[in-house]
Amino acid sequence: METTQIVQPATAPATPIRLCVVDLGTNSFHAVIVDVNPNGTFTILDKIKEMVKLGEGGFSSHLLSDAAMQRGVEALHRIRILAEGWGAEEYMAFGTSAIREADNGGVFIQKVREELDLNIRAISGDMETRLIYEGVRRAVELAEPTLLVDIGGGSTEFVVGNSTESFFLRSLKLGAARITERFVTTDPINKVELKTLRKFYRDKLKPVVAASLEHDVRDLVGSSGTIENIAQVYLNEIGESSRSIYQYEFDAKSLRRVTKALTRSTLPERKSLPGIDEKRVDQVVAGAVLVDVLLKDLNIRRVRVSPNALREGIVVHFIAQNYARLERLAPYAGVRRRSVFELAYKCQWEETHALKVAELALQLFDACRELHGLRDPERELLEYAALLHDIGYHISRSSHHKHSRYLIENADLKGFQPEEIEIMAFAARYHRKAHPKKSHTDFQALPDDRRNLILKLAALLRLAEGLDRSHFQNVERLDVSVRKGKLSLKLHTDGDPQLDVWGAMRDADLFESVYGLKVVVEVVEPQDSDD
């Protein structure tokens, strides 16, 4: 009888992990859906940007407003819908300046966890800078030392580096929203405020300028919204609106025409200007002044815009942190199967035994189809329960079957409905020791049809476990037949099967009770080959 192969063959294509990364910025939330491959590459499937203005009005008070937090939750809800539509298996959400600086940032993180089951990690400015560098250098050739600038709402990140190493990394509280709130009260910005702002920038940028001059930087690469908007305005003005800002090399002197024009513009003029996000019109002036100061003081000759930023850097970080895991899980296709194997590896399972038990359990399932009347969805749950039946050893050898149930129920297995997890957990729990009885209140509280299903699967798993009681995989082949009120098991073995025969007979009681068949085990003696 043919058996289903539990593990995909080594020649099967490596299966990527589908990841949703969320960058929770002070102004906007950026999300990217990617397939992460075991070889360290990734493919972007979709992107979404939500202008949330999470930090609006909160820089001086160090508080996120209730309205801002609600906008954030609603934006993350939409992002979650998109990610689930793509079948995302894992999420990484990093909070930046607004969240890390707010006294109630933890309240927002908890609110998101409770309402959306999404965990946000608030990262430091230093880590944010490193991640931006990792993201940008994946997208832009940095042959010479270059200044990378990412202007956010609350902070701006600066890197001096090339494609292989960074020489200087710094996060400064120079975000466009923060600076606008502190310095810009007139529209257009008057000369006094403009002069004050440029002086302030020059004072704060001293370490950035010093590092850039030390490495003879003449190129600037910008990422994120403010610089993207400035670049798009420039292309629109020169009649190149169809060109991608990410493939265009901007002459710095020409680009300064845009930065200077923006400092002279009124709010209505900026609103009517193609290329500027509607929710960025009130703070783009502060960002434009920062860019202008850098271009002038460093005598920058060329400006490029990176399509990658923090979110892509988070993907690179994920790959670096999970490289061995990605390689290990590559053969397993599908969210559910990969999630099961990942739990097994985390619990340091006895792999060869679990795979053999799963193989035997599926063969028994197939042979008894006319008896149990179950279909392939239940067959899949039996396979997974068999793969995980012994993971309770990770907690304790004593009562490990009970610990297996606990781990399966609490492991956040992906792609399963709660009742499916329940079925797998109870099937694993009853693979040994006592049968279900009245004192097992959790089991007795289940609906009748679910209890009956669990009993059918647990009986098969229990018998399969007995057939590898030695844990030596002695049963090379199993012939199964059902006739005359008996389940006949003929074992073709590679070694002494005495313990496995004993285990099968000992563990046949639940099968005999559930299916009403007598289990008969016979060892097929190997035939001597002629010399």
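Student: I'm starting with one side chain. What is the relative accessible area of Arg 202, and how should I read it?

Tutor: Arg 202 has a relative accessible area of 31%, so it counts as partly exposed. Keep in mind that the model is predicted. The label partly exposed covers the range between buried, under 20%, and exposed, over 50%.

Student: Which residue does Arg 202 form a salt bridge with?

Tutor: First the general idea: side chains of opposite charge can pair when their charged atoms come close. Here, Arg 202 pairs with Asp 297, and the closest N and O atoms lie 2.7 Å apart. This salt bridge ties distant parts of the chain together: Asp 297 belongs to helix H11 (residues 284-297) and Arg 202 to helix H6 (residues 191-204), 95 residues apart. With a relative accessibility of 32%, Asp 297 is partly exposed.

Student: How many salt bridges does a search of the whole structure find?

Tutor: The search turns up 40 salt bridges. One of them joins Glu 50 and Arg 78, with 2.9 Å between the closest N and O atoms. That pair also links distant parts of the chain, since Glu 50 sits in strand E3 (residues 42-51) and Arg 78 in helix H1 (residues 66-85), 28 residues apart. Look at accessibility too: Glu 50 is buried at 13%, while Arg 78 is partly exposed at 38%.

Student: Which residue pairs with Arg 338, and how far apart are the closest N and O atoms?

Tutor: That's Glu 89, and the closest N and O atoms are 2.4 Å apart. Arg 338 is in helix H13 (residues 335-346), and Glu 89 is in the loop between H1 and strand E4 (90-95); they are 249 residues apart along the chain. Both Arg 338 and Glu 89 are buried.

Student: Let's move on to strands. Which way do the residues of E9 point?

Tutor: In a regular strand the side chains alternate between the two faces of the sheet. In E9, Asp 219, Val 221 and Ser 223 point one way, and Leu 220 and Gly 222 point the other way.

Student: And why is strand E9 described as largely enclosed?

Tutor: Because 5 of the 5 residues of E9 (residues 219-223) are buried, the strand is largely enclosed by the rest of the structure.

Student: Which strand runs parallel to E9 and is joined to it by 5 bridges?

Tutor: Strand E6 (residues 146-151) is the one. Leu 147 has Leu 220 of E9 as its bridge partner. There is also a pairing with strand E11 (residues 302-305), again parallel, over 4 bridges. In that pairing, Val 221 has Arg 304 of E11 as its bridge partner.

Student: Now the surface. Which residues gather in a patch of positive charge?

Tutor: The patch brings together Arg 483, Lys 484, Lys 486, Lys 490 and Lys 518. Take Lys 490 as an example: it lies in strand E13 (residues 486-493), and its relative accessible area of 31% makes it partly exposed.

Student: One last residue. Where is His 403 found?

Tutor: His 403 is in helix H17 (residues 400-410). At a relative accessible area of 22%, His 403 is partly exposed. You can also set sequence separation beside distance in space: His 403 and Leu 362 are 41 residues apart in sequence and 23 Å apart from C-alpha to C-alpha.

Methods
Residues numbered from 1 in each chain as written. Predicted model: local features only at pLDDT ≥ 70, side-chain atom pairs only at ≥ 80, totals over all residues. Heavy atoms only, no water. Patch = residues over 30% accessible without salt bridge, like charges linked within 9 Å, V, L, I, M, F, W, Y side chains within 5 Å. Areas by Shrake-Rupley, 256 points an atom, 1.4 Å probe, with all protein chains shown as cover. Salt bridge = Lys/Arg side-chain N within 4 Å of Asp/Glu carboxyl O. Lys, Arg positive; Asp, Glu negative; His and termini not counted. Charge placed at Lys NZ, Arg CZ, Asp CG, Glu CD. Helix = DSSP H or I, 4+ residues; strand = E, 2+ residues; numbered from the N terminus. Buried < 20%, exposed > 50% of the residue type's maximum accessible area, 1.4 Å probe, protein only. Pairing = 2+ DSSP bridges.
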